[in-house]
Amino acid sequence: MTESEHMQPMLEVYNLSKKFGKNIGVDQLNLILHRGEVVGLLGPNGAGKSTLIKCIVGLLRPSEGEISINGHIRGSRSARQMSAYVPEIPQLYGMLSVWQHLQFITGAYEVENWEEKVEALLKMFEIWDKKDDFVKTLSKGMRQKLSLCCGVISNAPVLFLDEPMVGLDPKAIKNLKDLIQKLKDEGKTLFISTHLLDPIEMVCSRVIVLKKGKIIAEGSLEDLRNQLGEEHASLEEIFLEVTADV
Ligand SMILES: Nc1ncnc2c1ncn2[C@@H]1O[C@H](COP(=O)(O)OP(=O)(O)OP(=O)(O)O)[C@@H](O)[C@H]1O
Ligand SMILES: [Mg+2]
């Protein structure tokens, strides 16, 4: 990848607001993600993380503002083809099997050698033995694993993961962490909302902290530590500090 490709914006969000009646989900937000960046999206419950991601992937219509993915306008066919999304609550079909879900997704994204890739992913998340089972018979964690597999199996260059660690056991969290590192090494752009700071601390090049729909802190961990003047602060300490009510 050349230097100029690296600096090309993969996601551009300009002056985005999303209002729900008098509730504000996202408030005049500006954001740029560059190709190959892994960015963590943090913020307390109700901060607007899921609303922001849903607006970007085309599931919610912004009240105001512009969004484009690799130059394609949000919600367009090309923008959708460029991006994959793992929702905070898995959206799966109870009467389809695990395998059928992945067959469908890989077909839609025209993934080559999909059977091999699906097998490796299901084995990694230890749900290979469930491949022919209907989703309605899976446990909560297994559904989350399948939802993740559906997101990461696509060959989309940008991935939006909304709290991907929720419901996973410690081993699956470790596997997901390794998978995120692998996707990063492949040059994918990742935007990951989470409350679990530890698993993303090492892979994120930058974190964004949202509160009441606005970005209240942004930068590398290094930058945030310097802003706080605390050399050894963990991401957790930084989070508690910046989101504290003053
Ligand atoms: N469909 C909706 N109708 C009305 N208000 C909504 C709707 N969806 C979200 N909101 C409001 O928008 C704000 C942001 O919610 P959002 O779900 O984006 O938060 P979040 O940061 O993802 O929180 P969490 O960490 O709990 O997932 C909240 O005040 C919420 O009540
Ligand atoms: Mg959310």
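This passage describes a ligand shell, a sheet, a helix pair and two loop residues in a predicted model.

The surroundings of ligand 1 were examined first. Its shell comprises Phe20, Asn23, Gly25, Gly43, Asn45, Gly46, Ala47, Gly48, Lys49, Ser50, Thr51 and Glu88. By residue class, two are nonpolar, eight are polar and two are charged. Strand 2 (23-34) and helix 2 each contribute at least two residues to this shell. Helix 2 provides the largest share, with three residues.

Helix 2 spans residues 49-57 and is mostly covered. Eight of its nine residues are buried. These are Lys49, Thr51, Leu52, Ile53, Lys54, Cys55, Ile56 and Val57. Lys49 and Thr51 thus appear both among the buried residues of helix 2 and in the shell around ligand 1. Just after helix 2, Gly58 adopts a positive phi of about 90°.

Strand 2 also belongs to an open sheet. Four strands make up this sheet, in the order 2-1-4-5, and their pairing is antiparallel. Strand 2 and strand 5 (72-73) occupy the edges. Each has a single partner strand, so one side of each lacks a neighbour in the sheet. Strand 1 (residues 9-20) pairs with strand 2 in the antiparallel sense over eight bridges. Within this pairing, Lys19 has Ile24 of strand 2 as its bridge partner.

Helix packing was considered next. Two packed helices are described by the angle between their axes and the distance between the axes. For helix 4 (residues 98-108) and helix 6 (residues 140-152), the axes come within 9 Å and cross at roughly 20°. Helix 4 is therefore roughly parallel to helix 6, as the angle is under the 35 degrees that bounds this class. The crossing of helix 4 past helix 6 is right-handed.

Backbone angles in two loops complete the description. Most residues other than glycine have a negative phi. Asn70 has a positive phi, near 50°, and is not a glycine. Asn70 sits in the loop between strand 4 (64-69) and strand 5. It is partly exposed, with 18 other C-beta atoms within 10 Å; the buried class requires 20 or more. Lys212 likewise is not a glycine and has a positive phi, of about 45°. Lys212 lies in the loop that links strand 9 (206-211) and strand 10 (214-219). Lys212 counts as partly exposed because it has 14 C-beta neighbours inside 10 Å.

Conventions
Residues are numbered from 1 along each chain as its sequence is written. Chains are lettered from A and ligands numbered from 1 in the order in which they are written. This is a predicted model: local features need pLDDT of at least 70, side-chain atom pairs count only at pLDDT 80 or more; totals for chains, interfaces and linings use all residues. A residue is buried if 20 or more other C-beta atoms lie within 10 Å of its own, exposed if 12 or fewer, and partly exposed in between; C-beta atoms are placed from the backbone. A residue is near a molecule or strand if its C-beta atom, placed from the backbone, lies within 6 Å of it. Ala, Val, Leu, Ile, Met, Phe, Trp, Tyr, Cys and Pro count as nonpolar, Asp, Glu, Lys and Arg as charged, and the others, Gly among them, as polar. Two strands pair if DSSP finds at least two bridges between them. Axes are lines fitted to C-alpha atoms, for helices over the stretch in contact, and angles run from 0 to 180 degrees between N-to-C directions. Angles under 35 degrees count as roughly parallel, over 145 as roughly antiparallel, 65 to 115 as roughly perpendicular and the rest as oblique. A crossing is left-handed if the near helix is turned anticlockwise from the far one by less than a right angle, and right-handed if clockwise.
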